[in-house]
Amino acid sequence: TNGGVKRVLELLPNIWLPSLGLFLYVFAETSIYAFGPNYLKQLGATDKISTLSIAAFWSAVAIGRLLCSFLPQKQTYETAICGMMTTAGILLIGQVFAQNWQSAIVLMTLAGLACAGAWPMVVSMVTVRNIKYSGTASGFTIGCGAVGCILSPMVLGKIFDTGRTHLAYSLLGACFLLSSLCIAMTYFQHKRRQARGGEV
């Protein structure tokens with residue numbers, strides 16, 4: 001146990017940024033499909049359409065993650081991840097301007113497609129860059145993401161329940177944009193490690 005704690009503490013300087021980024025990502029992603037159907041109902045969607053929106057969102061996520069398998073193997077992780085996060089953030093902020101359920105469900109689905117590959121790519125990045133203790137590094141990062149699942153309904157649920165959906169979606173979009181910033185900062189952190197000879 002002491003050895004495991006020591007490993008985490010040693011790895012923390014290298015993984016805290018992607019861990020925070022993944023937390024923000026999962027925090028926002030959870031709310032998209034958890035509260036999206038109720039938002040669609042507020043815009044006039046039927047119960048059936050609201051329920052199907054969850055399937056539409058996860059179908060887009062599945063497609064997006066499959067498409068990531070075609071990305072070049074040698075690439076800068078941050079470029080792809082930040083592009084996905086930023087696009088998703090803009091789409092979610094766009095929900096503030098949705099006038100009907102049709103436009104809202106399109107934005108919800110596109111956000112799922114846009115952010116889909118970010119989660120596995122963050123985990124892959126952390127694993128590859130901390131290969132000596134890859135299990136500890138990826139486990140800690142994934143665990144931080146899981147905390148987002150817990151806190152999301154506790155924090156954003158109250159905002160959605162009180163009908164302040166524009167505020168909620170602005171916060172969701174901001175979470176993705178902040179997540180993108182965290183991942184962008186890992187690029188410079190990674191370069192400093194390489195300069196110090198910390199990894200290949």
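**Exercise 1. The salt bridges**

In this predicted model, the side chains of Lys41 and Asp47 meet in a salt bridge, with 3.4 Å from N to O. Work out how exposed each of these two partners is, and then find how many salt bridges the structure holds and where the others lie.

*Solution.* Begin with the pair already named: Lys41 has a relative accessibility of 39% and therefore counts as partly exposed, whereas Asp47, at 52%, counts as exposed. The class of Asp47 follows because the cut-off for exposed is over 50%.

Next, count the bridges: the structure holds three. One of them joins Arg129 to Glu78, whose closest N and O atoms are 2.6 Å apart. This pair links distant parts of the chain, since Arg129 belongs to helix α5 (residues 118-129) and Glu78 to helix α3 (residues 77-94), 51 residues apart. Both partners are buried, Arg129 with a relative accessible area of 13% and Glu78 with one of 4%.

Another bridge is formed by Glu29 and Arg65, with the closest N and O atoms 3.5 Å apart. Here too the pair links distant parts of the chain, with Glu29 in helix α1 (residues 2-42) and Arg65 in helix α2 (residues 47-68), 36 residues apart. Glu29 counts as buried at 7% relative accessibility, while Arg65, at 30%, counts as partly exposed.

**Exercise 2. The surroundings of Glu29**

Which residues does Glu29 touch, not counting residues up to four places away in sequence?

*Solution.* Glu29 touches Phe57, Trp58, Arg65 and Phe176. Arg65 is its salt-bridge partner, and Phe57 is one of the buried residues of α2.

**Exercise 3. Helix α2 and Ala60**

Decide whether the distance between the end C-alpha atoms of α2 agrees with its number of residues, then list the buried residues of this helix and follow one of them, Ala60, to its contacts.

*Solution.* Start with the expected span, which is 1.5 Å times one less than the number of residues. For the 22 residues of α2 this gives 32 Å, and the end C-alpha atoms are 33 Å apart, which agrees.

The buried residues of α2 are Ser50, Ser53, Phe57, Ala60, Val61, Gly64 and Cys68. To interpret such a list, recall that an α-helix has 3.6 residues a turn, so residues three or four places apart point the same way.

Ala60 itself has a relative accessibility of 5% and therefore counts as buried. Leaving aside its neighbours within four places in sequence, Ala60 is in contact with Thr109, Gly112, Leu113 and Ala116. The C-alpha atoms of Ala60 and Ala111 are separated by 8.4 Å, although these residues are 51 residues apart along the chain.

**Exercise 4. Helix α3 and Ala174**

Repeat the span check for α3, list its buried residues, and find the separation between the C-alpha atoms of Leu92 and Ala174.

*Solution.* At 1.5 Å a residue, the 18 residues of α3 should span 26 Å, and the distance of 26 Å between the end C-alpha atoms agrees with this. The buried residues of α3 are Tyr77, Glu78, Ala80, Ile81, Cys82, Met84, Met85, Ala88, Gly89, Leu91, Leu92 and Gly94.

Leu92 and Ala174 are 82 residues apart along the chain, and their C-alpha atoms are separated by 8.8 Å. Ala174 lies in helix α7 and counts as partly exposed, at 30% relative accessibility.

**Exercise 5. Helices α5 and α7**

Find the angle at which the axes of α5 and α7 cross, classify their arrangement, and name the residues that meet.

*Solution.* The axes of α5 and helix α7 (residues 165-195) come within 13 Å and cross at roughly 10 degrees. Angles under 35 degrees count as roughly parallel, and α5 and α7 are therefore roughly parallel to each other. On the α5 side, Val122, Met125 and Arg129 meet Ile183, Thr186, His190 and Arg193 of α7. Arg129 is also the residue of α5 that forms the salt bridge with Glu78.

**Exercise 6. The cysteines**

How many disulfides does the structure hold, and how far from Cys115 is the nearest cysteine sulfur?

*Solution.* The structure holds zero disulfides. For Cys115, the nearest cysteine sulfur is that of Cys68, 10 Å away, and the cut-off for a disulfide is 2.5 Å. Cys115 is buried, with a relative accessible area of 0%. Cys149 is likewise in no disulfide, the nearest cysteine sulfur being that of Cys144, 12 Å away. At 37% relative accessibility, Cys149 counts as partly exposed.

How values were computed:
Residues are numbered from 1 along each chain as its sequence is written. This is a predicted model: local features need pLDDT of at least 70, side-chain atom pairs count only at pLDDT 80 or more; totals for chains, interfaces and linings use all residues. Side-chain values use heavy atoms; hydrogens and water are left out. A salt bridge is a side-chain nitrogen of Lys or Arg within 4 Å of a carboxyl oxygen of Asp or Glu. Helices (H or I, at least four residues) and strands (E, at least two) are DSSP runs, numbered from the N terminus. Buried means under 20% relative accessible area, exposed over 50%, partly exposed in between (1.4 Å probe, protein chains only). Axes are lines fitted to C-alpha atoms, for helices over the stretch in contact, and angles run from 0 to 180 degrees between N-to-C directions. Angles under 35 degrees count as roughly parallel, over 145 as roughly antiparallel, 65 to 115 as roughly perpendicular and the rest as oblique. Contact means heavy atoms within 4.5 Å.
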